[in-house]
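Biologist: Could you walk me through this model and explain the words you use for it?

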Amino acid sequence: TMTEDDAEKAADFANYFCTYAFLYHQKQMLTDTNRMRAYHGAIMKNAEYVRDKVVLDVGTGTGILAIWAAKAGAKKVYAVEYTDMAKYAERLVKANKVENIVTVIKTSVEELELPEKVDIIVSEWMGYFLLRESMLDSVLVARDNHLKEDGIMMPSHATMYLAPITYEEDRSTKYQEYMSSMHEWYDFQGEMQQDYGVTVDCLTADFEKEQRHYFMLTGLWSELQPEHVRGTPQVVKHLDLRTCSLEDVKGVDMTPFAFNDLNPAGPGEPARISGFAGWFTTDFVVPGCEDIAEDGGVVVLDTSPAGGYTHWGQQVFYLPSALDVANGQGLSGEIRMMRQKENKRLYNVGMKFAVHAGDAPSFSGGEETVWELP
């Protein structure tokens, strides 16, 4: 008989892990140039810290990070993969002649047993707006169970950002799709009554709520340009991967924000705010080298609109109608991010916000708008 825990694991595998067992999905990540350059640069620039060390690659996928660690001089690399992608990782490891260094282990991190503590943990665990997918939970379990006290985390830090955006063309398109769906419903409603003598009027409000949620209250993947961003992006969460706890990574507690420099379109013209966008950066800092400039060894993976294309893009949260912010006004509020009760790998993002006058934000509560981050 399947226990409740077994059933939860099976559902999690079906809903999440199985998507990573396909080569087409892996290829999407392997062709993300900014992603690849960041990890390759972080491992190779820090080869002196990798050389003769024991490395654990959490969620190795095709094994690329493990192969790079071996080529950087690692003494031993444990490459852990929960899905059937492990068989491809083994083949790539052998094809790249590092099978004497890299051992691929097909298991979950939570059930992983190793014969020794590791010096370095490397993992590409980030999801949309950093936390979606909740894979960081497994990375922290690996850290707590298998990393030496003075060990290195790659990446070492992660930061989430939020900014207002102006992208009326896209917002209007989504709104028109929502309105078109409602017009189709009204036609359907009339046809049901006329052709079949059945009224479906009592379902209209529920259909409208469903469509509004889908089109207007669901986060969207977007590849924004720098000119879409209004104001200076603000940090909503910063994580030190060596010290943060499982509780820390469950979401974002209600965090205030205030944007005063919204770059109005011109003298006297208001800034037309279409919504908000969220993204992240991850830093690869070796302990003791925190003050080294980026060109001196610290690698940053930047998924902002200014950072160029990544498969993460940015997550956009559109307003049902645009918000005009005049010269001398700002936009202030609060944001939180919480796991969905039905699926801990998915999140909801809640925001309260209002226009304020002058540089001093005067936000004092208000109605919360909640977007699903599917």
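Modeller: Happy to; we will take the terms one at a time, and please keep in mind that this is a predicted model.

Biologist: Let's begin with the overall picture. How many helices and strands does the protein chain have?

Modeller: The chain has 9 helices and 15 strands. Of its 374 residues, 50% are buried. Among contacts between residues at least 6 apart in sequence, 77% join residues at least 24 apart.

Biologist: Now the aromatic rings. How many aromatic pairs are there, and what makes Tyr175 and Tyr178 a tilted pair?

Modeller: There are 11 aromatic pairs in the structure. For Tyr175 and Tyr178, the ring centres are 5.9 Å apart, and rings pair when their centres lie within 6.5 Å. Their planes are at 55°, while stacked needs under 30 degrees and edge-to-face over 60, so the pair is called tilted.

Biologist: What separates Tyr175 and Tyr178 along their helix?

Modeller: They are 3 residues apart in helix H8 (residues 168-196), so about one helical turn separates them.

Biologist: Why is Tyr178 called buried and Tyr175 partly exposed?

Modeller: Tyr178 has a relative accessible area of 6%, and buried means under 20%, so Tyr178 counts as buried. Tyr175 comes out at 29%; that value falls between the 20% and 50% cut-offs, so Tyr175 is partly exposed.

Biologist: Why are Phe317 and Trp371 described as tilted?

Modeller: Their ring centres lie 5.8 Å apart with the planes at 55°. That angle is neither under 30 degrees nor over 60, so this pair is tilted too.

Biologist: And what makes you say that Phe317 and Trp371 tie parts of the chain together?

Modeller: Phe317 sits in strand S12 (residues 314-325) and Trp371 in strand S15 (residues 369-373), so the pair links parts that are 54 residues apart in sequence. Phe317 is at 0% relative accessibility and Trp371 is at 0%; buried means under 20%, so each counts as buried.

Biologist: Which residues form an aromatic cluster?

Modeller: Phe257, Phe259, Phe276 and Phe353 form one.

Biologist: Back to H8. Why are H8 and H9 called roughly antiparallel?

Modeller: H8 and helix H9 (residues 204-216) pack at about 160°, with their axes 9 Å apart. Angles over 145 degrees count as roughly antiparallel, so the name applies to H8 and H9. The crossing of H8 past H9 is right-handed.

Biologist: Which residues make the contact between H8 and H9?

Modeller: From H8, they include Tyr175, Tyr178, Met182 and Trp185. From H9, they include Phe207, Arg212, Phe215 and Met216. The residues of this contact divide into 8 nonpolar, 4 polar and 4 charged.

Biologist: How do you know that Thr83 is buried, and where is Thr83 found?

Modeller: Thr83 has a relative accessible area of 0%, and buried means under 20%, so Thr83 is buried. Thr83 is found in the loop between strand S2 (76-81) and helix H6 (85-95). From C-alpha to C-alpha, Thr83 and Gly61 are 8.1 Å apart, with their positions 22 residues apart in sequence.

Biologist: One last residue: what makes Ser222 buried, and which residues does Ser222 touch?

Modeller: Ser222 lies in strand S7 (residues 220-222). Its relative accessibility is 8%, and the cut-off is under 20%, so Ser222 counts as buried. Leaving aside residues up to four places away in sequence, Ser222 touches Tyr167, Gly313, Gln314 and Val316.

Terms used:
Residues are numbered from 1 along each chain as its sequence is written. This is a predicted model: local features need pLDDT of at least 70, side-chain atom pairs count only at pLDDT 80 or more; totals for chains, interfaces and linings use all residues. Side-chain values use heavy atoms; hydrogens and water are left out. Rings of Phe, Tyr and Trp (its six-membered ring) pair if their centres lie within 6.5 Å; planes under 30 degrees apart count as stacked, over 60 as edge-to-face and the rest as tilted. Helices (H or I, at least four residues) and strands (E, at least two) are DSSP runs, numbered from the N terminus. Buried means under 20% relative accessible area, exposed over 50%, partly exposed in between (1.4 Å probe, protein chains only). Axes are lines fitted to C-alpha atoms, for helices over the stretch in contact, and angles run from 0 to 180 degrees between N-to-C directions. Angles under 35 degrees count as roughly parallel, over 145 as roughly antiparallel, 65 to 115 as roughly perpendicular and the rest as oblique. A crossing is left-handed if the near helix is turned anticlockwise from the far one by less than a right angle, and right-handed if clockwise. Contact means heavy atoms within 4.5 Å. Ala, Val, Leu, Ile, Met, Phe, Trp, Tyr, Cys and Pro count as nonpolar, Asp, Glu, Lys and Arg as charged, and the others, Gly among them, as polar.
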